[in-house]
Amino acid sequence: MTTPVANAAVAVEVAYEDPHYLVLNKAGGRVVQPGRGHQNDALLNGLMASRFGPELRKLGARRDFGVIHRLDRDTSGALLVARTVPGYDGLRSAFTERRVEKDYLVLVDPAPGSPSGRVDLPLREVERAGVRLAVPDPAGQPAHTAWRQVAAGPKHAMLACRISTGRLHQIRVHLTEGVGVQIMGDRVYRVDEPPDTSSKAMRLAGPMHLHAWRLGFPHPVTDRPEQHRIEPPPSFLSAMAECGLQPVSDQ
């Protein structure tokens with residue numbers, strides 16, 4: 001990957017700043033790294049224009065300009081970015097060794113038939129109509145999602161999901177295929193139907209109510225336990241109220 005172009009027009013919200021890493025509050029609808037159709041408007045373009053740009057350039061392409069992990073374009077919430085070589089290497093090792101706890105909040109329709117569960121469904125990436133998707137495949141990469149219901153309304157529910165793997169669109173596929181519920185606002189993955197990548201579906205997409213709520217991990221240098229939490233965006237909270245759900249308490 002070439003050095004991303006700096007773009008000060010891309011807003012960057014820093015939720016927490018450590019000498020070795022940042023926790024960003026990523027907005028839904030924003031891609032993390034430059035790519036097809038998003039060469040100049042990714043979150044990393046905005047970071048390059050911020051005061052952290054010189055640090056990320058020093059990390060270079062070899063260390064992904066500090067990007068430790070990714071969130072889907074339509075997913076909001078907590079995103080880790082390294083500032084130093086020890087920060088990147090330590091956090092990358094924590095992800096590889098699955099020492100990172102990743103918790104998400106999601107609004108679904110309908111409410112699931114049980115209060116909690118776990119989906120162990122291997123996934124494979126495919127491309128359809130120029131869009132990358134994930135599909136269940138016994139020969140695919142292992143993927144694991146634990147979920148529990150934390151709030152319910154007449155027709156909808158809020159789930160807390162913890163993933164121990166980080167596959168493309170993992171929670172979206174696991175909830176539709178493994179639980180039989182659909183994430184509110186997701187127009188691509190649908191219950192009992194194949195993924196829809198039509199231009200109409202893509203235009204209708206968002207806001208999708210899937211939020212990266214908490215990250216827990218060992219500090220990359222001191223190894224002390226770190227935990228960071230970002231509350232859902234206003235659109236998520238408004239949808240909760242419309243569905244008759246109460247805000248989730250500290251879980």
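## Burial and surface

In this predicted model, 47% of the 251 residues of the protein count as buried. The protein exposes about 11800 Å², and carbon and sulfur atoms supply 49% of that area.

## Overall form

The protein contains six helices and twelve strands. Its C-alpha trace spans about 50 × 40 × 40 Å along the principal axes. The radius of gyration is 18 Å, which agrees with the value near 18 Å for a compact globule, because that is what 251 residues would give in such a form.

Contacts also link distant parts of the sequence: among those between residues at least 6 apart, 65% join residues at least 24 apart.

## The largest pocket

The largest pocket has a volume of about 1500 Å³. Its lining comprises 45 residues, and Arg70, Leu71, Asp72, Arg132 and Leu168 lie nearest the centre. By class, the lining residues are 19 nonpolar, twelve polar and 14 charged.

Both helices and strands take part in this lining. At least two residues each come from the helices α3 (85–96) and α4 (170–179), and likewise from the strands β4 (101–109), β6 (123–128) and β7 (131–136).

## The second largest pocket

The second largest pocket holds about 320 Å³ of space. Of the 22 residues lining this pocket, Lys26, Ala27, Gly28, Ser76 and Pro233 are the closest to its centre.

Strands β2 (21–26) and β3 (76–82), together with helix α6 (234–242), each supply at least two residues of the lining. The lining of the second largest pocket divides into nine nonpolar, eight polar and five charged residues.

Technical notes: Residues numbered from 1 in each chain as written. Predicted model: local features only at pLDDT ≥ 70, side-chain atom pairs only at ≥ 80, totals over all residues. Heavy atoms only, no water. 1 Å grid on protein atoms, 1.4 Å probe; cavity = no way out; pocket = protein on both sides within 12 Å on 5 of 7 lines; lining within 4 Å. Points joined across faces, edges and corners; volume = space filled by probe spheres on them. Helix = DSSP H or I, 4+ residues; strand = E, 2+ residues; numbered from the N terminus. Nonpolar A, V, L, I, M, F, W, Y, C, P; charged D, E, K, R; others polar. Rg over C-alpha atoms; globule rule 2.2 N^0.38 Å. Buried < 20%, exposed > 50% of the residue type's maximum accessible area, 1.4 Å probe, protein only. Contact = heavy atoms within 4.5 Å. Areas by Shrake-Rupley, 256 points an atom, 1.4 Å probe, with all protein chains shown as cover.
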